[in-house]
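Visitor: I should like to learn how the features of a protein model are read. Please take me through them in order.

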Amino acid sequence: MRNIKLTIEYDGSSFNGWQKQPNKLNIQGEIEKAIETVTGKKVELIGSGRTDAGVHAFAQVANFKIDSDFPIEKVAIALNSQLKKSICIKKAEEVSEDFHSRYHCHQKTYGYIIDNSKQGTAIYRNLVYHVSQMLDTKAMQEAANYLIGEHDFSSFKSSGTSSKSSVRTIYAAQVLKEQERVIIQLTGNGFLYNMVRIIAGTLVEIGLGIKTPEEMKTILEAKDRQQAGKTLPPQGLFLMQVDYEEK
């Protein structure tokens with residue numbers, strides 16, 4: 001039995017998220033169908049985590065086990081020939097039998113991309129969130145610094161969260177300005193349901209002067225969702241990177 005690890009890029013605009021569900025277009029199901037078409041084998045594809053409807057990925061990681069001698073160097077090309085153009089297998093590699101894309105994940109990096117131009121964009125409208133007023137990225141970065149470390153992130157989770165604990169560790173929190181785009185980038189050991197989108201919404205309010213950078217600390221300590229900003233829409237959110245500890 002071989003264990004195959006995939007690195008996957010996708011535009012989530014037309015999908016109902018990563019997870020397989022009946023009668024709804026999803027990324028996991030599309031890739032599983034492609035694997036069956038190419039190899040003749042039904043498999044269960046295990047992702048590093050779910051992404052919601054409309055959310056994108058530059059480097060989602062998934063693995064599946066299969067009893068097949070299909071050449072590993074041809075897997076990505078073969079699968080891409082069967083997939084919609086909005087999904088691309090960037091890399092396929094054979095890994096140890098005990099590798100598990102979800103359980104062995106060490107950290108993830110998410111990015112939330114904001115178009116901060118006055119008029120917005122037609123071309124990239126499904127890949128960014130538009131804020132027409134100029135954002136104070138210095139204030140946003142000052143606020144983001146309060147998120148670094150181990151905290152109870154109850155103020156930044158939606159009511160649908162199934163996790164028993166709201167404690168997570170954020171290793172890095174950056175607010176980057178690239179021409180007319182503002183990118184909020186968070187690296188952590190895990191994220192609660194809608195956590196990045198709520199943090200992004202709170203940082204936007206700080207960038208607009210509605211809240212002060214110091215209020216981020218108060219919001220964090222309050223452990224109260226009502227204290228934080230709104231949940232920004234999914235189209236600006238990207239899973240940027242999934243990291244695994246080397247054994």
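Guide: Let us begin with burial: a residue is buried under 20% relative accessible area, exposed over 50%, and partly exposed in between, with a 1.4 Å probe and protein chains only. Asparagine 194 is buried, because its relative accessible area is 13%. The model is predicted: local features need pLDDT of at least 70, side-chain atom pairs count only at pLDDT 80 or more, and totals for chains, interfaces and linings use all residues. Residues are numbered from 1 along each chain as its sequence is written, and side-chain values use heavy atoms, with hydrogens and water left out.

Visitor: Where does asparagine 194 lie?

Guide: Helices (H or I, at least four residues) and strands (E, at least two) are DSSP runs, numbered from the N terminus. Asparagine 194 belongs to the loop between β9 (181–188) and α4. Its phi is near 65°, a positive value in a residue other than glycine. Lysine 223 has a positive phi as well, near 55°, and is placed in the loop between α5 (215–222) and β10 (237–244).

Visitor: How many disulfides are there?

Guide: A disulfide is a pair of cysteine sulfur atoms within 2.5 Å. By this rule the count is 0. As for burial, cysteine 88 is partly exposed because its relative accessibility is 26%, whereas cysteine 105, at 18%, is buried.

Visitor: How is a nonpolar core recognised, and which residues have the most contacts inside the largest one?

Guide: In soluble globular proteins, nonpolar side chains tend to be buried together. A nonpolar core is a set of buried Ala, Val, Leu, Ile, Met, Phe, Trp, Tyr and Cys residues joined through side-chain atoms within 4.5 Å. Here the largest core has 65 residues, and Leu6, Ile8, Ile31, Ile114, Phe156 and Leu203 have the most contacts inside it. Helix α4 (residues 195–207) supplies the largest share of this core, 8 residues.

Visitor: Which residues does leucine 6 touch?

Guide: Contact means heavy atoms within 4.5 Å. Setting aside residues up to four places away in sequence, the partners of leucine 6 include Ile31, Leu45, Val61, Phe64, Val75, Leu79 and Ile89. Gln60 and Lys91 are also among them.

Visitor: At what angle do helix α1 and helix α2 pack?

Guide: Axes are lines fitted to C-alpha atoms, for helices over the stretch in contact, and angles run from 0 to 180 degrees between N-to-C directions. Helix α1 (residues 27–39) packs against helix α2 (residues 75–82) at about 115°, with the axes 9 Å apart. Angles under 35 degrees count as roughly parallel, over 145 as roughly antiparallel, 65 to 115 as roughly perpendicular and the rest as oblique. The angle therefore makes α1 roughly perpendicular to α2. At this contact, Ala34, Ile35, Thr37 and Val38 of α1 meet Ala78, Leu79 and Gln82 of α2. Also in helix α1 is lysine 33, which counts as partly exposed at 48% relative accessibility. Lysine 33 and leucine 83 are 50 residues apart in sequence, yet 8.8 Å apart in space, C-alpha to C-alpha.

Visitor: Is α3 parallel or oblique to α4?

Guide: Helix α3 (residues 137–144) and α4 pack at about 135°, their axes being 8 Å apart. That angle makes α3 oblique to α4. The contact is made by Ala139, Met140, Ala143 and Ala144 of α3 with Leu203, Val204, Ile206 and Gly207 of α4.

Visitor: How should separation in sequence be read beside separation in space?

Guide: The two are set side by side for a pair of residues. Serine 13, in the loop between β1 (2–10) and α1, is 43 residues from histidine 56 in sequence and 7.4 Å from it in space, C-alpha to C-alpha. Serine 13 touches Gly54, His56 and Asn126, not counting residues up to four places away in sequence. Leucine 127 and lysine 138, by contrast, are 11 residues apart in sequence and 24 Å apart in space, C-alpha to C-alpha. Leucine 127 lies in the loop between β5 (105–115) and β6 (129–130). Beyond four places in sequence, the contacts of leucine 127 include Asp11, His56 and Phe238.
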